[in-house]
Each structure stands twice: as C-alpha cells, then as structure tokens.
Amino acid sequence: MATRTVVPMTEQGERWTSEQVLALAPDDASRKAGSKLGTPGPWSGTGWGGQGAKEGAGALWGRCAGSGRTSYRAAVDLAGPAYTCSCPSRKFPCKHVLGLLLLWAGDAHEDGDGTAARVTRAEGAPDWAESWLAERRTRAAAAPAAPADPEPARRRTERRAARITAGAQELERRLADLLRGGLAAAEQTGYGLWEETAARMVDAQAPGLASRVRELGALPGSGPGWPVRLLEECALTHLLDQAWLAGDRLSAPLAATVRIRVGLTASPEGPVLRDRWQVLAQYDTADARLTTRRIWLYGHDGGHTALLLSYGAAGRAPQRALPVGTVLDAALRPYEGGGPRAELVEQFAAPSPTAGPPRGGPVGAALDAYGRALTDDPWLDAWPVTLTDVVPARAEYGWQLADAGIGRSGTSAIGTGNTDTRDIGTDPTATREAIPLTQAAQERAGLWRLIALSGGGPLTVFGEVGHQGFSPLAAWSPAAPAETVPLM
C-alpha cells in the first residue's frame, strides 16, 4: 500500500493554477463540470508522485465516485502532460481529470495556510496508474522504426503530383467559366456546383484546394459585399493554382509553402530549437471531419514564436493539451515552408510557472511583421504578434486595440526570431495606431475579459493578426505580469 506525506512547502510553486487547469477544458460544459468535481467530496485514493518519487514521478491520480457502483479512475502524467480516465467520455481531458487537477491546484493555498493537503504525496502510484505510466515510458523509449524503401514512396509522390496538377488545371477552367458568366450567376447556382467542384479536388488528392472551393461556395450567402469577397478569394485560388503549375520555377521555401497549401503533408526539418517555451494560447477549431488544436508557444531565450498542431476525429478533442501560462524546457523542430509551425521533439521537465509576457511592440510593428510574412506566404490569413502598451477602445465600426501613446520607452520584437525592433520612446516619427478586432473576436466572452483586465489602462496582448483584423488570445496586465489571462 502506498504511504503518504504532506507536500513540502518548497514544492508548492510547481503546482498549476486553477486558471491554467481550466484553460485545458475542451469546452465550457467540461469547464463547469470539472469545477464541480474540484472538491474533496467525490474523491478517494488521491496521490501525487513528485519529481523525487521512485515511482509515479510527476504523476497525479485518484478515484472519483460517479452515478454507478464503480468509481472512475483518473490519472495525469504532469511531464507530458497526458491524461487517462476510465469514464466513457469522448472529451479530452474529461471532467474527472479536470476535477482532479483542480483539487491538486487548490492544495497550494491550503498548504500555505498550514492546512493538510487534499492530494498528498505518495511514494508509489497504485497498480492501475503505474501500469499506464509504465506503458507511456515504454513507448517513449521505443527505438525508431527502420526507414522504409524510398522507391515506392517516390512513385506514389509522382502519381499524386500528377493528379493534383490535373485537379489544378480543372479548377482553373471552372474559375474562368465563373468569371466569363459573371459573378452574379454564382448566387443563383446554389451550393451544389461548389460541392461538386470540391469533390473533384478531393478525387485529385488536393484537400487544400477542396477546402478553398468550399469556402468560395459559402461567400455568395455571406451578406452585403459578397461579390468583392468572392472575387478576392477567386484571385487567391487562381494564384495558388498557377503557383502549383509553375512549381519548378519557384524558390525552394515558396515551393514548400505551395505544396502545403494544396494539401500535401509536410515534415519537420531543420535544426532543433531548445528553449524555455511559454504556452501562450490553446484553442480548438472543428469541421465535419476533424478537430484541430492550435497551441502557441514563445521561446523566452531565442525570441521565436512556434505553433503546435494536433488533431482529433470529428467531435473528439485532440490528445495533446498544455496548460496556458506555464513554461516548458523543451526542444522543437520547425516545419519547412510551414511558417511558425513546429513539432515537439522532447520535453525535459514538467511545466513550470510562467516567466512573464513575451516581448512585443506597437501596432505598426505588428502590421509590418504581418506584411513581411505575406511575401513568403500570400495565402496567410493569421500571423502571431504581441502588442505592448495597447488599450481596448470603441470605434464606430466596433472594438479595436490602440497604442496607449507616444513616449513610452521600450524595444519591441515582433513575430518569429525578432524580425523587427523599434524604440517607440525615442522615434520622433512614431505615431499612435490602432487595429480592429475581428468580428468573431468581438462576439466572444474573452473581449469583456480583456476590457475588464485593462480597466482603461495599457496592457500586453498576444493574438493572431490577419486581413480581417486582430484576434486576441491572451493578455497580461502591468499589475500582474506573471499571470497569463486566456481570452479563448
């Protein structure tokens, strides 16, 4: 049987905050259900194996009573982090895992008051939790598979490229027919024609082109001004078709970007970047086939911004979930032609408390960074930037983020790899600028969280900038710079 001791005071700082735990929830319903389970009542057999434990190191476990006769068994590998639960929920992490993490996170305050912890440290995990942890360690230590024969792979690549070329040529003919007949006809033909065209692109093994065609089909019903938007998107699709058909004349980085945009799978390449990666934001998007999770990281030593993508089947959350605001000592490998996208190669320690906001700059520097990124990827619709000393302000067209004023000193770095710096405190040509929030951002509850955090004063905001405006994802106030406030 496992023995228990009260958690030492020196280890309290390693616990996550409740806000970081709740940021892992896949949706609001899970967040509310997990909060209800973050009390000792339904839990038994809880324990925490810290970094010094011989077994179950960096793990958290417990049994939660449910409506049935058998309690659910939940466990967390804090070093991943990774989660498991015996409940039938398809959400990830489930409400039981969230409740267990909240119970553990709340112990930091209990210990500070001299009260006994509710999730105490144990020398060993129970058998069911240790079995899961051992399986994870075995998979991590498994030797990589031997490389496959490259010749069949080369022939498959050539056959697929030929199909995509045929698909791009067909799409060019259909776009020409659309313009020849007039854009007004697009509103009368209905969505069936677009869906049939998208299916042809799927047959051509070009899912990127199929996705763009489906977006084109939705524009005629998108309200006033749809012909302009349709013409713009048709132009970008035509540009992508032509770039694919002339791929042998493109530079290597641009050719890699075009391959990704038409739907070919990219692989991580280049040197590994080890850094103290801060988790800036995490959110999911979903369509009828797939749930995509986007996790933004910022390297405090190198100044790089990186994007981790993970996927789940329709209606199911992806497996990877990182607590927003924590810092990972980890190594990433970038994707060729994938912008800031990277792969997590190795994580060297469990997530630690945050290191404060990332370096940023004024609105103008953010727009400059987005403009430069467009020269490498003309189809880019979102680019990561950090705005410093900005305030939420109401304009006649909606909410915006505006520079707080001239005279605030500080050097800024925007985008990946410190691509731009400008000292706005000594630059006499610097002017106050503002950027509108996207319509989707203005409809989210995170907008009011941002306004409340600001209170009319300047703050630091991380988000994505694109041709539709700025989408804020996290914010930091000068009063509490170590606290990352999620806005999604």
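Me: What makes E12 and E13 a strand pair in this predicted model?

Reply: Six bridges join E12 to E13. Pairing requires at least two bridges, so the two strands count as paired. They run antiparallel, and one bridge sets Pro392 opposite its partner Leu401 in E13. With two residues between them, E12 and E13 form a hairpin.

Me: How do you know that E13 and E14 are paired?

Reply: E13 and E14 are joined over three bridges. The requirement is at least two, so this counts as pairing, and its sense is antiparallel. Gln400 stands opposite Pro436 in E14.

Me: What makes E12 and E15 partners?

Reply: Strand E12 (residues 383-395) and strand E15 (residues 459-466) share six bridges in the antiparallel sense. That meets the minimum of two, so they pair. Val385 has Gly463 in E15 as its bridge partner.

Me: Why are E14 and E17 called edge strands?

Reply: The sheet is open and has six strands in the order E14-E13-E12-E15-E16-E17, with antiparallel pairing. Strand E14 (434-436) and strand E17 (480-486) each pair on one side only, which is why they are the edges. From one strand to the next, the twist averages 45°.

Me: Which helices pack on the sheet, and what do they touch?

Reply: Helix H11 (residues 363-376) touches E12, strand E13 (398-403), E14 and E15. Its direction makes about 135° with that of E12. Helix H13 (residues 446-454) touches E12, E13, E15, strand E16 (469-477) and E17; the direction of H13 makes about 45° with that of E16. Touching here means heavy atoms within 4.5 Å.

Me: Why is E13 described as mostly covered?

Reply: Buried means under 20% relative accessible area. Six of the six residues of E13 are buried, so the description holds.

Me: How do you know that the span of H4 is close to the expected one?

Reply: Helix H4 (residues 127-141) has 15 residues. The expected span is 1.5 Å times one less than the number of residues, which gives 21 Å for H4. From its first C-alpha to its last, H4 reaches 21 Å, so the two agree closely.

Me: Which residues of H4 are buried, and what do they pack against?

Reply: Trp128, Ala129, Glu130, Trp132 and Leu133 are the buried residues of H4. They pack against strand E3 (59-64), strand E4 (72-77) and strand E5 (82-85).

Me: Where does UniProt place the "domain: SWIM-type" feature?

Reply: An unreviewed UniProt entry lists residues 72-105 for it. Over residues 72-105 the chain is 32% helix and 29% strand, with end C-alpha atoms 20 Å apart.

Terms used
Residues are numbered from 1 along each chain as its sequence is written. This is a predicted model: local features need pLDDT of at least 70, side-chain atom pairs count only at pLDDT 80 or more; totals for chains, interfaces and linings use all residues. Side-chain values use heavy atoms; hydrogens and water are left out. Helices (H or I, at least four residues) and strands (E, at least two) are DSSP runs, numbered from the N terminus. Buried means under 20% relative accessible area, exposed over 50%, partly exposed in between (1.4 Å probe, protein chains only). UniProt positions are given in the numbering used here, feature names are shortened, and annotations may be inferred rather than shown by experiment. Axes are lines fitted to C-alpha atoms, for helices over the stretch in contact, and angles run from 0 to 180 degrees between N-to-C directions.
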